[in-house]
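Got your viewer open? Let's take a short walk through this one, one selection at a time.

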Number of protein chains: 2
Amino acid sequence: MRKKISLKDIAKKVGVSTALVSYVLNNQKEGRISKIVAQKIRDTAKELNYSTNQIAKSLKTNKTYTIGLIVSDISNPFSSSLARIIEDEAAKSDYTVIFGSSDENAERSFKLINVLLDRQVDGFIIAFAADSEQQINYLQGMEIPFVLIDRYFPGMNVSHVAINNYRAAYMAVKHLIDNGNKRIGMVTYKSTLVNLLDRKKGYIGALSDHNLLIEEDWIKEVGIGNNQEEIETAFDQLLSSPGKVEAVLFGSNILSTHGLKYINKHHIKVPDDLAIVSFDQSDASSLFYAPLTHIKQPLEEMGQLVTNILLQVFDKNREITQVNMDTDLIIGQSSLRTPL
Amino acid sequence: MRKKISLKDIAKKVGVSTALVSYVLNNQKEGRISKIVAQKIRDTAKELNYSTNQIAKSLKTNKTYTIGLIVSDISNPFSSSLARIIEDEAAKSDYTVIFGSSDENAERSFKLINVLLDRQVDGFIIAFAADSEQQINYLQGMEIPFVLIDRYFPGMNVSHVAINNYRAAYMAVKHLIDNGNKRIGMVTYKSTLVNLLDRKKGYIGALSDHNLLIEEDWIKEVGIGNNQEEIETAFDQLLSSPGKVEAVLFGSNILSTHGLKYINKHHIKVPDDLAIVSFDQSDASSLFYAPLTHIKQPLEEMGQLVTNILLQVFDKNREITQVNMDTDLIIGQSSLRTPL
DNA sequence: TACTTTTGTTTAAACGATTAAACAACGAGC
DNA sequence: GCTCGTTGTTTAATCGTTTAAACAAAAGTA
């Protein structure tokens, strides 16, 4: 790689000190610098196509204008959509984003954090895996700014942006109940992540408030690196009489995609044989014959908010902000049983 | 943010110079350094939880171990899958990835490149937008390593990893022809990108080699920031008699997703009323009632290869490597017309 | 005229690492 | 005892910026 033009090069060409060049190019000491020299410096900078070496600048200023983003898996649409929103929002304030995928693995996430710390990121936006409390303590110990996205850890005094999972699940199940379903199951992840537990609680809460049966067997939990197979057995069980469910709530878009595949394969009639509501949708669901009723997360707002909270922390606003946004329930055919 | 431990801190604590600490921690001057002191330095480094300030190291060594990745849109599954593969492959060699989305816009891409250059990335992996020849010249002028992914520009002496688009389209259309289709349309992007033009050429080549009609009106080109609407009118035209097509080739997974939505909405019978083949699939297509026949790009190999080519260039292997990989045609129901 | 201020610019240290070169102490060889 | 080579460590420059402080010259004030 050809060597880049430095302040020194400009200084030499104009015949001044690098300090003066730096002052001019950063618009500092305005009024103290002769207009003629300033203009000459600016012209030469442009002529030589100068641009700052951010590495050097960062070393001096201890600021990299870089945000570390740790998601579960960047190839997952939820993560990548978020990444795009964060990228755009960060760019507005001249920040760039370095990312890494943790695969819901606390150890991997810890490694990533350290790699990014060595690179002196100014702060983090993190979707922590389960059991990451000590990583939170670690980051707090270093006093490095960070904001959680999607996930939250009760009892930990940390900023986060997520949705109101209890309410979302509650509304979804209530909707199913309102539409005549009584035997309602849920397919979710086996996980100790509080956002997922809240979804389960919301599901149970709605059933309980409406005096409906809560059956252990109707809550199916699959592994996080979930495979179609696990979903298949879960469904085999949910749909086998006796104890067959009439409706099911999916805990994520990936789960519902797998579920819909099963449903397609076994020619189950939605919503008449089985009513469905899901957390999030995917491109996939738009192709399902019965448009999917789903909980819609305000991803755009969430991504922008989480970025801006982090930027505010950079500006020394050290308050803790914990936001659990409300979601909309988008009603499609998949949950609207044909009246008899 | 709490100040990080530096070499100086270790040096002071152990009572040696920073140089010695640096040598020890980098395993240099082995055999020259007393084992006792070396051990003491290592212990203290661990005790103080030292880790390198990459920014300082980069400034001195002029190497950031960072790869700039410019994709069309990180929230698009093709890009994000690729990003994940590149992330993993780069991590194996201790590189991190900074990304940006160009939105197929050459100007945006140019800005991104400069932002990443200021951050001293060691090289780029880029899916250039159309009309980016001068950006290629720009990068070559600075002698900064870069490799193109997915896209290529004939006549430019640049490394790239992509697929053999002509062959892929040719095989897809041949498959349709072999299955009895004669009136075959194509839905693609309006673009001067050579990879897309090659797809069109492959489509035309196959038709021509089999002495089939090539109708201008059967090639529908939609804008890149494509919307469902454009696809709808394209399909309205393709499927209106006279001149109705029997089969269609989609130029990308996004296009086919939109197309499948249309097909669902209008209750078109696939493959009997319309046979379909697509470039790439998505989660979406797996939910379509007729499993989608599609051209499968070897994304994993491509991502790994492009990363490794770049890493090789870093190691002063300055050869140009241009790879157009072969694709597989995955045959599903969507193209297999029921024999009469 | 002799000061203080203002204006315009330079000096030099610093950020945290790397690394060639210098240096000191010691043992070996003759 | 003198030189030389080896071993172990330090010195100091450097990467490209930033920035407080110093400085010099010109302008203002009394």
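## Stop one: where the chains meet

Keep in mind that this is a predicted model. Start by selecting chain A and chain B: 44 residues of chain B are in contact with 44 residues of chain A. To see what builds chain B's side of that meeting, color α4, α5 (77-92), β2 (96-101), α6 (106-118), α11 (253-265) and α12 (283-286) of chain B, each of which supplies at least two residues. Now pick out α5(B), which gives the most to the side touching chain A, with six residues. If you color that side of chain B by residue type, you'll get 17 nonpolar, 18 polar and nine charged residues.

Next, show the interface residues on both chains. 100% of the interface residues of chain B are also interface residues in chain A, so the copies meet through the same surface.

## Stop two: lay one copy on the other

Try superposing chain B on chain A: a turn of 180° with a shift of 0.0 Å along the axis does it, at an RMSD of 0.1 Å. The two copies are therefore related as by a two-fold rotation axis.

## Stop three: the DNA

Now select DNA strand D. Which residues are the closest to it? Look for A:Ser6, A:Ala19, A:Asn53, A:Ala56 and B:Ala19, among the 27 residues that surround the strand.

Highlight α1 (7-14), α2 (18-25) and α4 (54-61) of chain A, then α2 (18-25) and α4 (54-61) of chain B; each supplies at least two residues of the surface near strand D. The most comes from α4(A), with five residues. Finish by coloring this surface by type: eleven residues are nonpolar, nine polar and seven charged.

Conventions: Residues numbered from 1 in each chain as written. Chains lettered and ligands numbered in written order. Predicted model: local features only at pLDDT ≥ 70, side-chain atom pairs only at ≥ 80, totals over all residues. Least-squares fit on C-alpha atoms with pLDDT ≥ 70 in both. Contact = placed C-beta atoms within 7 Å. Near = placed C-beta within 6 Å. Helix = DSSP H or I, 4+ residues; strand = E, 2+ residues; numbered from the N terminus. Nonpolar A, V, L, I, M, F, W, Y, C, P; charged D, E, K, R; others polar.
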